[in-house]
Amino acid sequence: MARRFFFRFKTAEFVFTFLLLFSGLMLGFSSGGFVINFQRLGFSVLSSLTKGVNTITSAIGNTVNAVGELSRLREENIALTEKLKNYEFLQRTNVDIKNENKRLKELLDFSTKIEQKSYYARIISRNSDGINTGITINKGSRNGIKKGMPVLAVQNGGFGLVGKIVTVGLETSVVMPIYDQKCYVSGRILNTRDLGLIVGNGDENSPLQMQYIKRRVLEELNYGDIIVTSGENDNYYRDIPIGTISKITVVDYDSSLNIEITPYVDFSRLETVVVTDVKELNPNYIGDES
């Protein structure tokens with residue numbers, strides 16, 4: 001017959017075991033062991049949370065600072081760009097002022113070297129349709145301008161013929177330039193003193209034509225010879241530079257030479273002119289000291 005084993009706890013044994021466990025727990029709590037562990041656990045969790053929050057906060061702060069720095073740099077770049085534009089504008093203005101002063105000095109020097117009374121004017125418009133050409137200046141009858149007066153220009157330290165006044169208003173006048181097809185100027189070759197007639201073809205960039213120069217003087221002519229006004233009419237006084245010989249052509253059936261002249265005045269750069277009165281003397285005239 002099999003034996004059965006029964007585990008029976010007596011009351012005294014149970015009470016002893018319970019007291020033993022309870023005593024151990026109380027001893028642990030009283031020594032601080034469990035409290036320290038809980039504190040360490042709480043501190044670790046709190047530290048991790050704090051570190052995460054600080055990392056996120058730092059990232060957000062750095063982003064905000066970067067955006068602010070980018071905005072500041074953009075504003076500084078705009079300001080520097082504006083300063084650069086202003087500097088470039090001032091540089092251009094200074095160059096313009098220097099050039100204007102140079103032109104005014106040339107005109108002032110010229111005013112004491114010309115015997116005729118002179119009026120300075122600025123070009124305000126141009127007209128050219130291939131046949132009719134005209135240069136409008138900002139001086140008129142109120143300033144003493146009269147029809148038929150010769151018009152000159154000062155360039156490159158010298159002066160040359162521009163044309164003559166053909167229309168006069170109160171405040172403005174119109175100049176017929178020497179390259180106009182209807183403008184005829186009596187001129188001489190400076191070194192040979194041969195007389196011819198100069199006419200334009202309507203284009204400021206094309207050479208002038210000198211007619212009626214005999215073939216017999218061909219050997220005496222050279223490229224670069226200076227052509228001046230003859231002074232044999234009322235419109236122009238003598239020896240005003242017109243241009244230089246740039247081409248000479250011999251035509252078999254013609255007794256005269258075909259001569260091309262490059263104008264002394266560069267019309268594409270012409271801004272100011274000098275209108276002269278051949279019938280009135282210049283009170284400031286002191287002559288050419290050179």
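These legends walk through several close-up views of a predicted model.

**View 1. The whole chain, before zooming in.** Start with the overall layout: the protein chain has two helices and 12 strands. Reading from the N terminus, you pass α-α and then run through β-β-β-β-β-β-β-β-β-β-β-β. The chain has 290 residues, and 31% of them count as buried. If you look at contacts with a separation of 6 or more, 59% of them involve residues 24 or more positions apart. As for the outside, the accessible surface comes to about 19700 Å², with 58% of that belonging to carbon and sulfur atoms.

**View 2. Strand S1 and its two partners.** Here S1, which covers residues 116-128, sits in the picture with S12 and S2. With S12, S1 pairs in the antiparallel sense over seven bridges. One spot to find is Lys117, whose bridge partner in S12 is Asp277. S1 and S2 also run antiparallel, and five bridges join them. To locate that pairing, look for Asn127 and its bridge partner in S2, Gly134. While you are looking at this kind of view, keep one thing in mind: in a regular strand, side chains alternate between the two faces of the sheet.

**View 3. From S7 to S8 and on to S11.** S8 is the strand to follow in this close-up. Three bridges join S7 to S8, and these strands run antiparallel. Leu197 makes a handy landmark, standing opposite Gln211 in S8. S8 also pairs with S11, again in the antiparallel sense, over five bridges. For this pairing, find Leu208 and then its bridge partner in S11, Ile261.

**View 4. Two aromatic rings meet.** What gets reported for a ring pair? A pair of aromatic rings is described by the distance of the centres and the angle of the planes. The count for this structure comes to one aromatic pair. That pair is Tyr179 with Phe267, an edge-to-face arrangement at 4.9 Å centre to centre with 85° between the planes. It links distant parts of the chain, 88 residues apart: Tyr179 is in the loop between S5 and S6, while Phe267 is in the loop between S11 and S12. Are these residues buried or exposed? Tyr179 is buried, with a relative accessible area of 5%, and Phe267 is buried too, at 2%. The cut-off explains the label: buried means under 20% relative accessible area, so Tyr179 at 5% qualifies.

**View 5. Gln155 and its neighbours.** Gln155 is found in strand S3. This residue is buried, with a relative accessible area of 11%. Its side chain reaches the backbone nitrogen of Asp266 at 2.9 Å. Leaving out residues up to four places away in sequence, Gln155 touches Tyr264, Val265, Asp266, Arg269 and Leu270.

**View 6. A salt bridge between Arg126 and Glu204.** A search of the whole structure finds eight salt bridges, and this close-up shows one of them. The side chains of Arg126 and Glu204 meet at 4.0 Å, N to O. Arg126 lies in strand S1 and Glu204 in the loop between S7 and S8, so the pair ties together parts 78 residues apart in sequence. Arg126 counts as partly exposed at 39% relative accessibility, and so does Glu204 at 25%.

**View 7. A salt bridge between two loops.** Now look for Arg142 and Glu171, whose side chains meet in a salt bridge at 2.7 Å, N to O. Arg142 is in the loop between S2 and S3 and Glu171 in the loop between S4 and S5, so this pair ties together parts 29 residues apart in sequence. Arg142 is exposed, with a relative accessible area of 60%, whereas Glu171 is partly exposed at 43%.

**View 8. A small network around Arg238.** Which residues do shared salt-bridge partners join into one network? They are Arg193, Arg238 and Asp239. Within this group, Arg238 forms a salt bridge with Asp239, and their closest N and O atoms are 3.6 Å apart. Asp239 counts as partly exposed, with a relative accessibility of 34%.

Note on methods:
Residues numbered from 1 in each chain as written. Predicted model: local features only at pLDDT ≥ 70, side-chain atom pairs only at ≥ 80, totals over all residues. Heavy atoms only, no water. Phe/Tyr/Trp six-rings, centres within 6.5 Å; stacked < 30°, edge-to-face > 60°. Helix = DSSP H or I, 4+ residues; strand = E, 2+ residues; numbered from the N terminus. Buried < 20%, exposed > 50% of the residue type's maximum accessible area, 1.4 Å probe, protein only. Contact = heavy atoms within 4.5 Å. Areas by Shrake-Rupley, 256 points an atom, 1.4 Å probe, with all protein chains shown as cover. Pairing = 2+ DSSP bridges. Polar contact = N/O pair within 3.5 Å; in protein donor to acceptor, adjacent residues only side chain to side chain.
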